[in-house]
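Reader: Could you give me a close look at how two helices pack in this model, and at the sheet beside them? I'd enjoy a connected walk through it.

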Amino acid sequence: MAPVKVPSGHFSILYFAAASSFTGKSSEHIAAPLRAGSLFEELEKKYPGMEAKVLASCAVTVNLDYIEIDGGNAPDLDLVIQEGDEVAIIPPVSSG
Amino acid sequence: MATTESSTYTPDIPSSPITRTNPESTVHVELTPNSLDHVAATSFVRSPSAGATVLFIGTTRDSFNDLPVSSLAYTSYAPLAMTTLYSIATTILSKHGATKIAIVHKLGECPIGEESIVIAVSAPHRQAAWRAGEEALEETKAKAEIWKLERFVGGEGVWRANRDGVMGEKVEEEKDQGKGTEMNLEDNAKETS
């Protein structure tokens, strides 16, 4: 599931469920470093319409920890996604 | 939220079960591509100090809002889902004073009518076992990073969200709900298998 090797200067990003449907991928690499607060903007540029259709209802993890980047006062907007990090887009879950 | 998926979608799943059991053998969580074994889960929680064992088996339904479902598949962010399931299990064990707990979820294709989740809990007395079992299920449905793709008869696949009231309708209050990490009992009550 996770990419085998992340090229230098990049982080990996994983897409699940609706995020995977929308991008047509389960993962890819994006240039690092990237301010967490700019992540959705960056994805919207690559996949026009993704922010409203998918990302608005998604959570984000960096290295398996949830970060909060939703809204102007979110605590993790200035967190910097580093080379080699694993970011994941987490749509609303549906187990059971 | 729901987004359609082409009928050729194949879930990306591990080829063998991923398991985690604590050293005391009181907590077991598992994500597996294999058929679920509720007898094994029940055996795991059996204990001479427990007078009650509660077993929940969730099976996949053949319809959603009266629309016929032809097949289902589950996918997961397995490393994160395992951490989440383990945390749910250990928290519930201590909160309810339960003896042992097992949570096992299916990944990949899950034919209609087959088991998608098994939760077994033992406790000294029945009240704690019932409550722990129910809470384990609700917490898992609210938090575990697992997604269900429902394929409708003659149509595309739809990624379900447990907190949606209806298929394809976006939930607006999610910004106040911690983005998929909070439980919504009312919504989930409708979805429980």
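**A helix pair and its sheet**

Author: Happily! B:Thr84, B:Leu85, B:Ile88, B:Ile92 and B:Lys95 of H2(B) are in contact (heavy atoms within 4.5 Å) with B:Ala132, B:Glu135, B:Ala136, B:Glu139, B:Thr140 and B:Lys143 of H3(B). By class, this contact has 5 nonpolar, 2 polar and 4 charged residues. This is a predicted model, where local features need pLDDT of at least 70, side-chain atom pairs count only at pLDDT 80 or more, and totals for chains, interfaces and linings use all residues. Residues are numbered from 1 along each chain as its sequence is written, chains are lettered from A and ligands numbered from 1 in written order, and side-chain values use heavy atoms, without hydrogens and water.

The axes of H2 (residues 78-95) and H3 (residues 126-143) of chain B come within 10 Å and cross at roughly 155° (angles run from 0 to 180 degrees between N-to-C directions). H2(B) is therefore roughly antiparallel to H3(B) (over 145 degrees). Their crossing is right-handed (the near helix turned clockwise from the far one by less than a right angle).

Now the sheet: 5 strands of chain B form an open sheet in the order S2-S3-S7-S9-S4, with mixed pairing (at least two DSSP bridges per pair). S2 (18-21) and S4 (52-59) of chain B stand at the edges, each with a single partner strand, so one side of each lacks a neighbour in the sheet. S4(B) and S9(B) (residues 115-123) run antiparallel, joined by 8 bridges. Within this pair, B:Ile57 has B:Val118 as its bridge partner. H2(B) packs on the sheet, touching S2, S3 and S7 of chain B, and its direction makes about 150° with that of S3(B).

Notes: Helix = DSSP H or I, 4+ residues; strand = E, 2+ residues; numbered from the N terminus. Parallel < 35°, antiparallel > 145°, perpendicular 65-115°, else oblique. Nonpolar A, V, L, I, M, F, W, Y, C, P; charged D, E, K, R; others polar.
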